[in-house]
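Got the viewer open and a hand on the mouse? Here is a walk through the model, one selection at a time.

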Amino acid sequence: MKTIIFLFLSLVLNLPIIGSVLLPVDSSNADVFNRLCQVHEAEFSVVTGKVPNIDGTFDVEYSWKAPFNAFLLVENKKPVGFVVKDTIEGISDVTSFFIIPSCRGRGLGKRMAYEIFDRFPGMWQVRQLAGADKFKIFWRRVIKDYTIGNYSEGDIIDPYWGFITLQSFMSRG
């Protein structure tokens, strides 16, 4: 019960969650990031329709290298998620976002989203593919809370992904 109260207060008061840190991905932790990307691609393949290559790995459209900004979420020295930020036509974009399933529902994703939004002030967009309904629910809730309801949402056709839902907003930075 104390843990739940602490997590609740840390989210409401915007305090850091003890034991977790968002680290930039570089050559020292790129292998960890790349392994988590494979887990993410496998889980998300039900939405994307991707199948692994002959060697069992998935193609990944993003990287930890420029122009992307990639961060690992590490809790008690173990990687539990990542976020990849890109810039599209001057707008910050959540290109990829992942919390391992066993760590979901504890507020880590919300905290990671808030931290990445705050690190890069300005206009943001977050996109969800058709069929990614649970992620759409997550992002609507997170963005609504982060912006106090001051965001826009629409459905568009992406040339690569097809039908997507897009939220846009200004970060507090």
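A quick word on names before you click: helices and strands here are DSSP runs, with at least four residues (H or I) for a helix and at least two (E) for a strand, numbered from the N terminus. With that in hand, go to Glu89, which sits in the loop between strand 3 and strand 4. Keep in mind that you are looking at a predicted model.

**Stop 1: two unusual backbone spots**

Stay on Glu89 for a moment. This residue is not a glycine, yet its phi is positive, at about 50°. Glu89 counts as exposed because its relative accessibility is 79%, and exposed means over 50%.

Now select Ile148, in the loop between helix 4 and strand 6 (152-158). Here again phi is positive in a residue other than glycine, near 55°. Is Ile148 buried or exposed? With a relative accessible area of 78%, Ile148 is exposed.

**Stop 2: the whole chain**

Zoom out and colour by secondary structure. You should find four helices and seven strands. Following the sequence from start to end, the order reads α-β-α-β-β-β-α-β-α-β-β. The protein chain has 173 residues, and 41% of them are buried. Take the contacts between residues at least 6 apart in sequence: 60% of these join residues at least 24 apart.

**Stop 3: strand 1 and a distant partner**

Select Leu23, in strand 1 (residues 20-24). Leu23 is partly exposed, as its relative accessible area is 32%. Add Leu73 to the selection: 50 residues separate the two along the chain, while their C-alpha atoms are 6.4 Å apart. Setting aside residues up to four places away in sequence, Leu23 touches Asn29, Ala70, Phe71, Leu72 and Val74.

Next, click on Lys78 in strand 3. Lys78 is exposed, at 58% relative accessibility. Draw a line from its C-alpha to that of Gly19, 59 residues away along the chain, and the distance comes to 9.9 Å.

**Stop 4: a buried glutamate**

Move to Glu41, in helix 2. What is the relative accessible area of Glu41? The value is 4%, and under 20% means buried, so Glu41 counts as buried. Show side chains and look for Lys50: the side chains of Glu41 and Lys50 make a polar contact of 2.8 Å. Beyond neighbours within four places in sequence, the contacts of Glu41 are Lys50, Phe58, Asp59, Val60, Glu61 and Tyr62.

**Stop 5: a buried glutamine**

Jump to Gln128, in strand 5. Gln128 is buried too, with a relative accessible area of 3%. Which residue joins its side chain to that of Gln128 in a polar contact of 2.7 Å? Select Gln167 and you have the partner. The two residues are 39 apart in sequence, and their C-alpha atoms lie 8.9 Å apart. Apart from neighbours within four places in sequence, Gln128 is also in contact with others, among them Phe135, Lys136, Trp139 and Phe163.

**Stop 6: the nonpolar core**

In soluble globular proteins, nonpolar side chains tend to be buried together. To see the largest nonpolar core here, which has 37 residues, start from the members that touch the most others: Phe33, Phe82, Val83, Val94, Phe97, Phe117 and Trp139. At least two residues each come from helix 2, strand 2 (69-75), strand 3, strand 4, helix 3, strand 5 and helix 4. Helix 3 gives the most, with six residues.

Pick out Phe117 and show what surrounds it. Leaving out residues up to four places away in sequence, Phe117 touches Val94, Trp124, Val126, Trp139, Val142, Tyr146, Phe169 and Ser171.

**Stop 7: the largest pocket**

Last stop. The largest pocket has a volume of about 930 Å³. To find it, select His40, Phe44, Phe97, Phe135 and Trp139, which lie nearest its centre among the 41 lining residues. Which elements give two or more residues to this lining? They are helix 2 (30-48), strand 3 (78-88), strand 4 (91-99), helix 3 (108-119), strand 5 (123-129) and helix 4 (133-147). Colour the lining by type and you get 20 nonpolar, eight polar and 13 charged residues.

Terms used
Residues numbered from 1 in each chain as written. Predicted model: local features only at pLDDT ≥ 70, side-chain atom pairs only at ≥ 80, totals over all residues. Heavy atoms only, no water. 1 Å grid on protein atoms, 1.4 Å probe; cavity = no way out; pocket = protein on both sides within 12 Å on 5 of 7 lines; lining within 4 Å. Points joined across faces, edges and corners; volume = space filled by probe spheres on them. Nonpolar A, V, L, I, M, F, W, Y, C, P; charged D, E, K, R; others polar. Core = buried A, V, L, I, M, F, W, Y, C linked by side-chain atoms within 4.5 Å. Buried < 20%, exposed > 50% of the residue type's maximum accessible area, 1.4 Å probe, protein only. Contact = heavy atoms within 4.5 Å. Polar contact = N/O pair within 3.5 Å; in protein donor to acceptor, adjacent residues only side chain to side chain.
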